[in-house]
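Q: Please take a close look at a single part of this structure, and describe how it fits with what surrounds it. I am new to it, so explain each term as it comes up.

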Amino acid sequence: MQFKTLAFLSILSILLFTGCDSKDNNESSKEGSAVQSNGKVSEFQLKTTNDTIINLKLENDKIILKDYPNKIVLLNFFTTWCPPCKAEIPNLIKIQNDYRNDLVVISVLLEEMKTNDEIKQFIKEYNINYDVINSPEHLEFAKALGGIKSIPTMFLIDKKNTVFQKYVGLVPNEMMEIDIKKVLEK
């Protein structure tokens with residue numbers, strides 16, 4: 001009986017602490033670079049489910065969120081069918097609440113053919129308190145970042161628009177909070 005319980009818990013922890021394979025983005029890219037390093041500048045206007053436009057600019061090694069100056073940004077890439085993506089939502093809600101004066105969480109949906117009504121229902125079901133992007137350019141934005149290979153994937157962006165940390169898979173809340181505090185001290 002103990003072996004079955006141990007085996008079940010081991011399998012469950014493996015599933016939770018690894019990310020889902022992104023089926024929507026199979027672009028190959030140079031590893032280790034969050035933003036294209038060829039000097040190319042890309043600009044995006046991504047629409048949230050609330051019809052707010054978020055202006056982003058990728059320039060060298062920076063992700064510039066023009067609408068959030070002097071804010072730390074936790075940029076989260078997810079899908080609605082991914083169990084680790086769903087499991088991290090309470091952590092993101094807590095981070096948004098705890099650091100609302102200094103940080104903003106923005107999630108980018110990596111699914112095609114999802115209506116805003118479907119995503120709004122998902123937001124309501126999980127009590128999400130942060131912006132969720134569901135716009136036609138969301139997949140192009142993910143490709144411009146070098147492609148998102150696994151989900152969930154998150155980028156912690158400091159106030160100077162530099163990627164401080166990239167997270168792949170389910171990340172413990174404590175680890176993100178340690179990194180957020182480091183960025184706040186900078």
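A: Glu 59 has a relative accessibility of 28% and therefore counts as partly exposed, a class that lies between buried (under 20% relative accessible area) and exposed (over 50%), computed with a 1.4 Å probe on protein chains only. This is a predicted model, in which local features need pLDDT of at least 70 and side-chain atom pairs count only at pLDDT 80 or more, while totals for chains, interfaces and linings use all residues. Residues are numbered from 1 along each chain as its sequence is written, and side-chain values use heavy atoms, with hydrogens and water left out.

Glu 59 belongs to strand β3; helices (H or I, at least four residues) and strands (E, at least two) are DSSP runs, numbered from the N terminus. From Glu 59 to Asn 161 is 102 residues in sequence, yet their C-alpha atoms are 9.7 Å apart in space.

The loop between β2 (41–47) and β3 (53–59) holds Thr 48. With a relative accessibility of 0%, Thr 48 counts as buried. Contact here means heavy atoms within 4.5 Å. Apart from neighbours within four places in sequence, Thr 48 is in contact with Ile 54, Asn 116, Asp 131, Val 132 and Ile 133.

The part to look at closely is strand β5, which covers residues 72–78, and seven of its seven residues are buried. In a regular strand, side chains alternate between the two faces of the sheet. In β5, Ile 72, Leu 74, Asn 76 and Phe 78 are on one side, Val 73, Leu 75 and Phe 77 are on the other, and both groups are buried.

Two strands pair if DSSP finds at least two bridges between them. β5 and β6 run parallel and are joined by seven bridges, and Leu 75 stands opposite Ile 106 in β6. Between these two strands the chain passes through α2, and this β-α-β crossover is right-handed: with the strands pointing away from the viewer, the path from the first strand over the helix to the second runs clockwise. β5 also pairs with strand β9 (residues 153–157), in the antiparallel sense and over five bridges. In β9, Phe 155 stands opposite Leu 75.

Leu 75 also appears in the largest nonpolar core. Such a core is a set of buried Ala, Val, Leu, Ile, Met, Phe, Trp, Tyr and Cys residues joined through side-chain atoms within 4.5 Å. This one has 51 residues, of which Leu 65, Leu 74, Leu 75, Phe 77, Ile 106 and Phe 141 touch the most other members. In soluble globular proteins, nonpolar side chains tend to be buried together. Leaving out residues up to four places away in sequence, Phe 141 touches Phe 44, Leu 46, Leu 56, Leu 58, Leu 75, Phe 77 and Val 108.

Next comes the helix of the crossover. Helix α2 takes in the 16 residues 83–98, and its end C-alpha atoms are 24 Å apart, which agrees with the 22 Å expected at 1.5 Å a residue; the expected span is 1.5 Å times one less than the number of residues. At Ile 89 the helix α2 bends by about 35 degrees, with a proline, Pro 90, following within four residues. That bend is the angle between axes fitted to the seven residues ending at a position and the seven starting there. Among the buried residues of α2 are Cys 85, Ile 89, Leu 92, Ile 95 and Gln 96.

At the other end of the crossover, Leu 103 lies in β6 (residues 103–109). Leu 103 is buried, with a relative accessible area of 1%. Beyond residues up to four places away in sequence, Leu 103 touches Lys 71, Ile 72, Ile 95, Gln 96, Leu 156 and Ile 180. Leu 103 and Asn 70 are 33 residues apart in sequence, and 8.9 Å apart from C-alpha to C-alpha.

Two loop positions complete the view. Met 113 is in the loop between β6 and α3 (116–126), has a positive phi near 70 degrees, and is exposed with a relative accessible area of 78%. Pro 152, in the loop between β8 (150–151) and β9, is joined to Ile 151 by a cis peptide bond with omega about -5 degrees.
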